[in-house]
Amino acid sequence: MITARYIKENYVRRLPSAFCPGCGDGQILNAIIRAIDHLKIDRKDIAAVSGIGCSAWIPSPYLRVDSLHTTHGRPIAFATGLKVANPRLKVIVVSGDGDATGIGGNHLLHAARSNVGITVIMVNNGLYAMTGGQVAPTTPHEAKTTTTPYGNPAFSLDVSRVVAAAGASYVARWTTWHMNQLIRSIEKAIMKKGFSFIEVLSQCPTYEGRMLNMDHIEMLEWFRKNFREDAEGIYKIGEFVDIEKPELTEELEKMIERVRR
Amino acid sequence: MINPGEYFVEGDVAAAYGAIRAGCLFFAGYPITPASEITQAMAELLPRVGGKFLQMEDEIASISAIIGASWAGLKSMTATSGPGFSLMQENIGYAAMTETPIVIIDVQRAGPAIGQASRPAQGDVMQSRFGSHGDYETIVLSPNSVQEMFDLTVKAFNLSEIYRVPVIILSDAEVGHMMERLVVPERIEIVNRKIASNFQETMAYGENLVSAMGRFGDGLELMITGSTHRPDGTRDTGTPEVQENLVRRLVNKIEKNRSSIEEWEELYTEDAEILVISHGASSRPSKGAVIRARKEGIRAGFLRPRVLWPSPERRMIELDSRVKRVILPEMSLRGYRMELERIFHRKVDHLPKVGGVVPTVDEIFTKIRSASL
Amino acid sequence: MKAKDIVIDRNLCKGCSICVHVCPKKTLGISREVNEYGLFYPEVVDLGSCIVCRLCELYCPDFAIEVVQE
Ligand SMILES: Cc1ncc(C[n+]2csc(CCOP(=O)(O)OP(=O)(O)O)c2C)c(N)n1
Ligand code: SF4
Ligand code: SF4
Ligand code: SF4
Ligand SMILES: [Mg+2]
C-alpha cells in the first residue's frame with residue numbers, strides 16, 4: 001500500500017512545494033511517483049528532465065531522481081541527447097503546455113517523429129502560469145488572459161492529436177480528476193519502447209482559475225463532468241495511440257553494430 | 001580509427017578526426033555552410049567507434065542534446081557557423097552555469113545575418129566570449145591550419161573536461177575548407193573528466209575551483225539546474241551570496257587558471273617595435289608579412305593567440321613596454337580589437353578586411369612599413 | 001477496513017480542501033481554523049466512517065494527509 005509517508009520517505013526531495021494551494025502540479029507529482037513505484041524501477045535508472053515553468057518544478061526539485069532542469073522549451077531536446085547517450089535510462093520529461101508547444105513545439109514534433117524512447121508528460125493549464133497567466137497555444141479562443149485582455153483572437157491547439165499525427169508510439173490525455181487512469185497511463189508510457197506522450201489537463205487556480213472564473217474544486221468538477229472518453233475535441237480523454245514500432249535508440253544501436261561488423 | 005600517420009584533408013575533416021581521437025562519442029548538429037563537412041564526417045566516423053550521431057531539428061536542439069549526452073558521461077560536440085552559433089547562445093550560458101563539458105566548433109562565415117555563407121570572416125570573436133547573457137567564462141581556441149583544427153579540437157576536449165566549461169573552437173571558412181597535410185601523432189594526450197563516485201565529491205572544489213562531475217544513472221540523485229543554485233544543486237534564487245559565490249567561481253575557475261590555459265605563438269618579439277597580432281586565417285599572411293618586414297630590416301614581431309579567450313594578457317603587457325605600434329590584421333571591423341585596446345591601453349592599428357576575403361601579405365606588409373616610418 | 005487515525009501535517013497542508021471534496025464518506029470536513037495561506041484546514045469529522053480508500057492521499061497535491069489503518 002502506497003501511503004503519503006512512504007512517498008515522502010522514498011521519492012520526494014523536499015516539501016512543502018512552491019505550488020499554490022490546490023495546484024494540480026502536486027497531484028501530477030503524486031501520480032508520477034506512484035507509477036514509478038508500481039513499476040518497481042530502481043530510482044537510479046530514471047532521469048527526469050524539465051524546462052521552465054511552474055510544471056517544470058514537478059521533477060526539479062521535488063522528484064528524488066537524477067534531474068535536469070533545462071532552458072525554456074528545450075527539455076525534449078536535452079532528453080533526446082541523454083537517452084541516446086545512455087539508452088538504459090528511463091527518461092521522463094515534464095513540460096508545460098507553453099514549454100512543450102509554444103517555444104518548444106518543434107522539438108516535440110521531432111521527438112515524436114523520430115520515435116525516441118522517452119516519455120513526455122505535458123501539463124496543460126491553458127496558459128503560461130509562471131510568468132503571470134499569459135496566452136499560450138492551448139488557450140481557448142476568446143479567453144481573457146493577461147496578454148489577451150479583450151479575449152484570445154487566436155485558436156487553441158489539440159496537442160495530443162498533433163503528437164499522434166507526428167508518429168508517437170503512445171498518446172493519452174487525462175485530467176487531474178482522473179488520477180488512477182493517469183497513473184496507469186504513466187506506467188504504460190514509461191514502459192513503452194518508443195516515444196510516449198501524456199497530456200494532463202491540470203488546474204492552475206491562480207491564473208487559469210481567473211481565466212475560467214472557477215476555483216480549483218470547480219475546475220476538478222469541470223474535469224470530472226466534461227472530460228470523457230466519448231467527448232469531442234479537447235474534452236476527449238483516454239488513450240489515443242498505443243502501438244509498437246521501431247525506436248530511435250535501438251535503430252541507432254543496430255546501425256552501429258552493422259557498421260562495425 | 002584515425003590511426004597515426006599522414007593525411008591530406010580539409011580543416012573541417014581534421015577537426016572531426018581530432019574529436020574522434022579525443023574520445024568524443026556523441027555529436028548532434030544541424031547542417032550549415034561552412035561547417036557541414038564536420039557534421040558529415042562525424043556522421044560517418046562516430047558509428048565506426050561505437051559513438052552516436054544525431055542530426056537534430058535545429059541548432060538549439062543540437063546544443064541541448066550534447067549537454068544531455070554529456071550528463072550521461074559522454075564527451076560531446078556540435079559544429080555550426082554564425083546563424084546557428086547565434087541560436088546556441090542561451091544554452092552556452094546554460095552549459096557554463098551547470099558546468100557541463102561540451103565542445104562547440106564555430107566555423108565563422110561573413111555576417112551579419114545570412115551574410116556570405118561560404119566566405120570567411122572573424123566577426124564572432126566577441127560573441128564567442130560574451131554571446132550569452134550574464135557573467136560567465138568560456139574558453140575559445142583559434143586554429144589557423146588543418147593541423148591545428150586537429151590539435152586544438154583535442155585540446156578543446158581536454159580543457160572542457162578539466163574545467164567543466166563549454167569550449168569553443170573559433171575557426172573560419174578559410175581554415176575549415178583548406179586542404180593541407182595533417183599528421184596524426186603516435187601519442188596524444190587525452191584528459192577524461194573526474195567522475196564523482198559519491199555526492200560529496202560533486203561539491204568538493206579542488207584548488208582549480210572545479211569539482212568532480214556526477215553522471216546520470218549512477219544513483220547520485222543529481223539536481224542540475226540553470227537557475228542559481230547552491231553547491232548541492234538546490235535552487236536558491238533569493239540569497240545574494242549564493243548567486244555571488246556561484247558566479248564568481250564560474251568566472252574565477254577560468255580567470256585564476258589563465259596561465260595554464262593561455263597559449264600563443266610568437267616570432268621575433270625579443271626586439272620588436274611593431275607587433276603584429278593576428279589569429280585564425282588572417283594570421284597566416286600576417287606572419288608572412290612580418291617575415292618579409294624583418295628581411296627588409298624592419299623590427300616587426302608576430303604574436304598569435306591560439307587560445308583567444310582568455311587572451312594572453314600577461315605576455316602582451318610584457319611586450320607593451322617595448323612595442324611602439326600594435327597592428328591587428330583581421331577579417332572583421334571589430335573582432336579582437338577591443339580586447340587588444342583594453343590590454344595595451346592605446347589605439348591599435350586595426351587592419352580590418354571585410355568582404356569575405358583573407359588579407360594579403362602585401363596589404364599587411366604595407367601597413368607594417370608605413371608604421372615603421 | 002477502519003482508520004485508527006487521520007493525520008494532517010500542518011506544515012504541509014495548504015488548506016485546498018481537495019481531500020474533503022474527494023472523500024466519498026464525508027469523513028473529512030473543513031475546519032474554521034485559518035492556515036498561513038488564509039485557507040481553512042481540513043478536519044476529521046467522523047473517523048468511524050472512514051473506509052481507508054485513501055482517495056484523500058491520492059488527490060492531495062501536498063502529501064499532507066495520511067490515513068493510519070487500524
Ligand atoms: C527563452 C525564455 N523565454 C521566456 C521565458 C519566461 N518564461 C518562463 S516560464 C514561461 C511560461 C511557462 O509556461 P508553461 O510552459 O505553460 O508552464 P506553466 O508555468 O504554465 O506550468 C515563460 C514564458 C524564459 N524563461 N525563457
Ligand atoms: S501559478 Fe498556477 S500553475 Fe503555477 S503553482 Fe500557482 S496554481 Fe500552480
Ligand atoms: S488535500 Fe492536502 S493540502 Fe489540500 S486540504 Fe487536504 S490535506 Fe490539506
Ligand atoms: S481514506 Fe477515504 S474515506 Fe477515509 S478520509 Fe480518506 S478519502 Fe475519506
Ligand atoms: Mg502552462
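This is a short tour of the structure above, stop by stop, with something to select at each one. Keep in mind that you're looking at a predicted model.

**Stop 1: chain A as a whole**

Select chain A and show it as a cartoon. How many helices and strands does chain A have? You should find 10 helices and 9 strands. The radius of gyration of chain A is 18 Å, close to the 18 Å that the globule rule gives for 261 residues, so chain A is as compact as a globular protein of that length. Turn the C-alpha trace around and you'll see that it spans about 65 × 40 × 35 Å along its principal axes.

Now switch on the surface. Chain A has an accessible surface of about 9,700 Å², and carbon and sulfur atoms account for 52% of that. Of the 261 residues in chain A, 63% are buried. If you like looking at contacts, take those between residues at least 6 apart in sequence: in chain A, 70% of them join residues at least 24 apart.

Try colouring by charge, too. Chain A carries 31 positive and 27 negative side chains, with the centres of the two sets 4 Å apart.

**Stop 2: the magnesium ion**

Stay with chain A and pick ligand 5, the magnesium ion. Which residues coordinate it? Show D97(A), N125(A) and L127(A) as sticks: they hold the magnesium ion through OD, OD1 and O, in that order, at 2.0 to 2.2 Å. Read along the chain, these donors have the spacing D-x27-N-x1-L. D97(A) sits in helix α4 (residues 97-103) of chain A and L127(A) in strand β5 (residues 127-128) of chain A, so the pair ties together parts that are 30 residues apart in sequence. Are D97(A) and L127(A) buried or exposed? Both are buried.

**Stop 3: S185(A)**

Next, select S185(A) and find helix α7 of chain A, residues 179-191, where this serine lies. Why does S185(A) count as buried? Its relative accessibility is 1%, and buried means under 20%. Light up its neighbours: leaving out residues up to four places away in sequence, S185(A) touches Y170(A), A172(A), W174(A) and I198(A).

**Stop 4: over to chain B**

Show the other chains again. There are 2 pairs of chains in contact, and chains A and B share the most contacts. Chains B and C, on the other hand, do not touch, and their nearest C-alpha atoms are 19 Å apart.

Select chain B. You'll be looking at 14 helices and 15 strands. A compact globule of 373 residues would have a radius of gyration near 21 Å, and chain B agrees, with 21 Å. Its C-alpha trace spans about 70 × 45 × 40 Å along the principal axes.

With the surface on, chain B shows about 13,600 Å² of accessible area, 50% of it from carbon and sulfur atoms. Buried residues make up 62% of the 373 in this chain. Colour the charges once more: chain B has 42 positive and 48 negative ones, and their mean positions are 4 Å apart.

**Stop 5: E339(B)**

For the last pick, go to helix α13 (residues 337-344) of chain B and select E339(B). Here the relative accessibility is 8%, so E339(B) counts as buried. Which residues does E339(B) touch, not counting residues up to four places away in sequence? Show W309(B) and S311(B) and you have them.

How values were computed:
Residues are numbered from 1 along each chain as its sequence is written. Chains are lettered from A and ligands numbered from 1 in the order in which they are written. This is a predicted model: local features need pLDDT of at least 70, side-chain atom pairs count only at pLDDT 80 or more; totals for chains, interfaces and linings use all residues. Side-chain values use heavy atoms; hydrogens and water are left out. Donors are N, O and S atoms within 2.8 Å of the metal (3.2 Å for Na, K and Ca); water is not among the atoms, so sites may look incomplete. Helices (H or I, at least four residues) and strands (E, at least two) are DSSP runs, numbered from the N terminus. Buried means under 20% relative accessible area, exposed over 50%, partly exposed in between (1.4 Å probe, protein chains only). The radius of gyration is taken over C-alpha atoms; the globule rule is 2.2 Å times the number of residues to the power 0.38. Contact means heavy atoms within 4.5 Å. Accessible areas come from the Shrake-Rupley method with a 1.4 Å probe; for residues, only the protein chains shown count as cover. Lys and Arg count as positive and Asp and Glu as negative; His and the chain ends are not counted. The place of a charge is taken as NZ of Lys, CZ of Arg, CG of Asp or CD of Glu.
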